Structure formats: C-alpha cells, structure tokens
Amino acid sequence: MWGKLFGRDAETAAGPHALPVPRRGKYGVHTLRALGDVRVLALVEAADAGDWEAVKAALAPFDPGRDHKVLAELAELDGVQDWIGRAVEEDKEHRATALVISGARHISWGWEARTSARAVNVSQEQWRVFRERLLIGEEHLLEAAELRPEWITPWRHLLTSARGMSLAAGVKEARLDAALRRDPLDLEIHVEWVSQLQPRWGGEPGEALAFARDALGRTPQGHPLGCVIAMAHIEDWVESERGDCLETPAIQAELRNAADHSILHPAYAWHPGWQQDFNMFAMALSLAGERHTVRRVFRTLDGAYTSWPWTYFSEPEKQFARHHRRA
C-alpha cells in the first residue's frame with residue numbers, strides 16, 4: 001500500500017516494524033499510535049500493565065539514553081508513575097533505565113498538573129503539585145545522568161524542568177552544554193532550547209530563529225535537525241498571538257529549503273516516530289501559506305497526525321485535517 005501511494009521512500013518509511021494503519025477518525029485522519037512501530041507498541045502495552053520485566057525486554061531494540069521519542073511514549077503514559085518507583089528501588093542492575101523513565105514521567109506529569117494555561121491562571125495548588133513532581137523528576141534524572149554519563153535523554157528532560165522551575169540562566173545553559181557535548185546535532189535538545197529562547201520564557205525576539213539557523217548551517221543533508229527551523233517559525237507564530245506573520249515569501253522559501261535539506265532529502269533516515277518530523281514541517285508550511293512543498297509533506301503523512309506541535313491550536317486534530325485537505 002505504501003509503495004503504491006507514495007513510491008520507494010514511503011515504502012522504506014513503513015519498514016518491517018510498521019503498525020497497520022488504523023481506520024481514519026472523525027476528521028478523516030488517524031492519530032499516530034506508539035510511533036507507528038510494533039516494537040514500541042509492545043513497550044507501551046508492557047508499561048501500561050506495570051510489567052517491569054516486559055518493559056525491559058521491549059526496550060532491547062532501543063537506547064533509553066538516546067531514543068527520545070521512545071522514552072517520550074513512557075513519559076506521557078498515565079500510570080507509569082504508580083509502579084516505576086519500585087523498579088528504581090529494587091532493580092539495581094537497571095537502575096539508570098528506571099531512573100530516566102521515572103524522571104521523564106514526573107516532568108511530564110508535573111506539566112499535566114500545571115496545564116498549558118498562562119501563569120496567572122494557574123492555581124496555587126497546581127503550582128505546588130507541579131513543583132513537587134518536577135523536584136522528583138530532577139532528582140531521578142540527575143542520578144541517571146551520573147550513572148550513565150554518555151546518555152543525552154536525561155539532559156533533554158532536565159532542560160524542560162529547568163524552564164518550569166525558572167532556574168537560573170547559568171543552570172539552563174550548563175544543561176544545554178552538557179547535552180550538546182553528547183550530541184551537538186540532537187533535534188530534541190535544539191527544539192527545547194528554541195522554546196527556552198522565546199520571549200515568554202525570557203528570551204529576546206529573533207534569538208530562537210538565529211539559534212535555529214546556526215544549527216541548520218552545521219547540519220548534514222538528510223539530518224532531522226532541519227526540523228528546528230520549522231519549530232522556530234511555529235514558536236514565532238505563537239509569540240505573535242497566532243496571526244499571519246509567517247505568510248511571507250522569505251519564510252516560505254526558508255521552510256522549503258529546510259525541508260529539502262532534511263526530511264525530504266534522500267539521505268533522511270526513517271525512524272520510529274518520523275511522522276512527528278513531518279508534522280512539524282506540515283504545520284509550519286501551512287501557517288506560512290506555502291502551497292508546493294507542503295503537498296509533498298502531507299502526501300507522505302497520508303493522514304498520520306501527531307499531537308505535537310498541533311497542540312498550539314485549540315482543536316489540533318481538526319486543524320491538521322483542515323490543512324491536510326487544503327494541501
């Protein structure tokens with residue numbers, strides 16, 4: 001099916017571990033499940049059952065110290081916080097793995113308590129729970145980083161918690177440096193820092209986009225880090241109160257070039273969760289009013305929707321479907 005629809009690249013994207021494409025939902029699209037990968041689905045199901053032995057077995061094909069998207073599946077899974085503490089305490093051999101899962105989950109769980117509301121609309125009780133969960137997450141992530149100094153995933157979540165806890169700029173920059181020493185081209189780290197550089201988090205206008213452009217200039221063709229350009233423009237759109245600020249020929253051209261350099265380049269390496277990379281460009285190109293490259297991106301996705309970054313809309317799946325139809 002993939003080959004008939006999209007040609008050789010999409011057939012490669014499906015890969016031997018691809019989940020069957022589910023039935024299309026309310027808006028004629030389907031939400032990506034378990035990164036579209038049967039191995040990740042096995043991991044999620046084991047975690048949902050609270051089966052630590054099965055979780056460890058399902059993690060075997062992956063690297064918990066580098067596979068951000070795989071770890072995020074556990075970080076966002078409700079219920080993990082109920083049993084992961086036992087694994088931290090009881091499994092000395094795999095303590096670092098349990099710690100990084102627990103830390104990532106507590107950071108995500110903390111933000112769930114805070115919600116995405118503006119700070120003035122967050123209650124004192126929400127702030128208390130938010131901080132309590134982030135403190136546990138920080139403790140676990142810092143220990144995981146100490147046990148496995150080559151891992152980058154703890155630092156990605158420590159950047160998120162540093163932003164939530166309003167830690168000093170020097171602490172945030174030290175964490176960024178620690179992450180980039182481990183992988184100077186890591187997409188997730190760069191996306192985190194693009195968020196940190198937004199004026200709503202203390203940055204200066206244009207600072208995030210300059211950071212993204214510098215990163216792209218160091219990126220080999222086919223590398224997913226090109227997505228940082230898409231996210232920088234999406235963040236600018238958020239800061240501008242979601243207007244039409246991206247609809248300029250210069251921005252359209254920059255996004256086209258970044259997509260051609262990264263996700264649409266023949267050297268792009270398909271990986272579990274590649275659909276999120278394409279969703280970043282789908283949203284940015286749509287907001288920019290681009291009409292050519294956006295078709296290629298949506299055609300490859302074939303209705304595969306990931307909530308990030310569309311959650312910046314009040315009705316994210318509906319907006320994805322609307323822009324998909326337009327393309």
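# Report on a predicted helical chain

In the protein chain, residues 24 or more positions apart supply 66% of the contacts that have a separation of 6 or more. The model described here is predicted.

## Overall form

The protein chain contains 18 helices and 2 strands. With 327 residues, a compact globule would have a radius of gyration near 20 Å, and the chain agrees with this at 19 Å. Along the principal axes, its C-alpha atoms fill a box of roughly 55 × 45 × 40 Å. Of the 327 residues, 53% count as buried. The chain exposes about 14,900 Å², of which carbon and sulfur atoms supply 51%.

The largest nonpolar core comprises 98 residues. Those with the most contacts inside this core are Val55, Ile101, Leu255, Ile263, Phe281 and Leu301. Two of these names recur below: Leu255 is among the buried residues of H14, and Leu301 is the last residue of helix H16 (293-301). Leaving aside residues up to four places away in sequence, Leu301 touches Trp274, Gln275, Phe278, Asn279, Ala282 and Phe320.

## Three helices and their surroundings

The table sets out the spans of three helices, from the first C-alpha to the last.

| Helix | Residues in helix | Span | Expected span |
|---|---|---|---|
| H8 (residues 124-147) | 24 residues | 35 Å | 34 Å |
| H13 (residues 227-239) | 13 residues | 19 Å | 18 Å |
| H14 (249-261) | 13 residues | 18 Å | 18 Å |

Helix H8 reaches 35 Å, close to the 34 Å expected at 1.5 Å a residue. Its buried residues are Val129, Phe130, Arg133, Leu134, Gly137, Glu138, His140, Leu141, Ala144 and Ala145. The list therefore includes Arg133, Glu138 and His140 as well as Val129 and Leu134, given that buried means under 20% relative accessible area. The buried residues of H8 pack against helix H7 (95-114), helix H9 (153-164) and helix H10 (169-182).

Helix H13 is largely enclosed by the rest of the structure, because 11 of its 13 residues are buried. These are Cys227, Val228, Ile229, Ala230, Met231, Ala232, His233, Ile234, Glu235, Trp237 and Val238. The elements covering them include helix H11 (187-196), helix H12 (207-217), helix H14 (249-261), helix H15 (274-287) and helix H17 (307-310). After H13 comes Glu241, which has a positive phi near 65°.

In H14, the buried residues are Ile251, Gln252, Glu254, Leu255, Ala258, Ala259 and His261. Their cover includes H12, H13, H15 and H16. H13 and H14 thus each appear in the cover of the other: H14 is listed for H13, and H13 is listed for H14.

A further position lies in helix H3 (residues 38-48), namely Ala42. Ala42 is partly exposed, with a relative accessible area of 37%. Its C-alpha atom is separated by 21 Å from that of Gly103, 61 residues apart along the chain.

## Cysteines

The structure holds 0 disulfides. The sulfur of Cys227 lies 19 Å from the closest cysteine sulfur, that of Cys245, and this is too far for a bond, because a disulfide requires sulfur atoms within 2.5 Å. Cys245 likewise is in no disulfide, its nearest cysteine sulfur being that of Cys227. The surroundings of the two residues may be set side by side: Cys227 is buried at 0% relative accessibility, whereas Cys245 is partly exposed at 33%.

## Backbone geometry

Most residues other than glycine have a negative phi, and most peptide bonds are trans. Several positions in this model depart from that pattern, as follows.

Leu35 is not a glycine, yet it has a positive phi of about 60°. Leu35 lies in the loop between strand E1 (30-31) and H3. With a relative accessible area of 10%, Leu35 is buried.

Asp302 also has a positive phi, of about 50°, although it is not a glycine. Asp302 is placed in the loop between helix H16 (293-301) and strand E2 (304-305).

A cis peptide bond joins Trp308 and Pro309, with omega at about 5°. Pro309 belongs to helix H17, and H17 is among the elements that cover the buried residues of H13.

Notes
Residues numbered from 1 in each chain as written. Predicted model: local features only at pLDDT ≥ 70, side-chain atom pairs only at ≥ 80, totals over all residues. Heavy atoms only, no water. Helix = DSSP H or I, 4+ residues; strand = E, 2+ residues; numbered from the N terminus. Expected span 1.5 Å × (residues − 1). Buried < 20%, exposed > 50% of the residue type's maximum accessible area, 1.4 Å probe, protein only. Contact = heavy atoms within 4.5 Å. Core = buried A, V, L, I, M, F, W, Y, C linked by side-chain atoms within 4.5 Å. Rg over C-alpha atoms; globule rule 2.2 N^0.38 Å. Areas by Shrake-Rupley, 256 points an atom, 1.4 Å probe, with all protein chains shown as cover.
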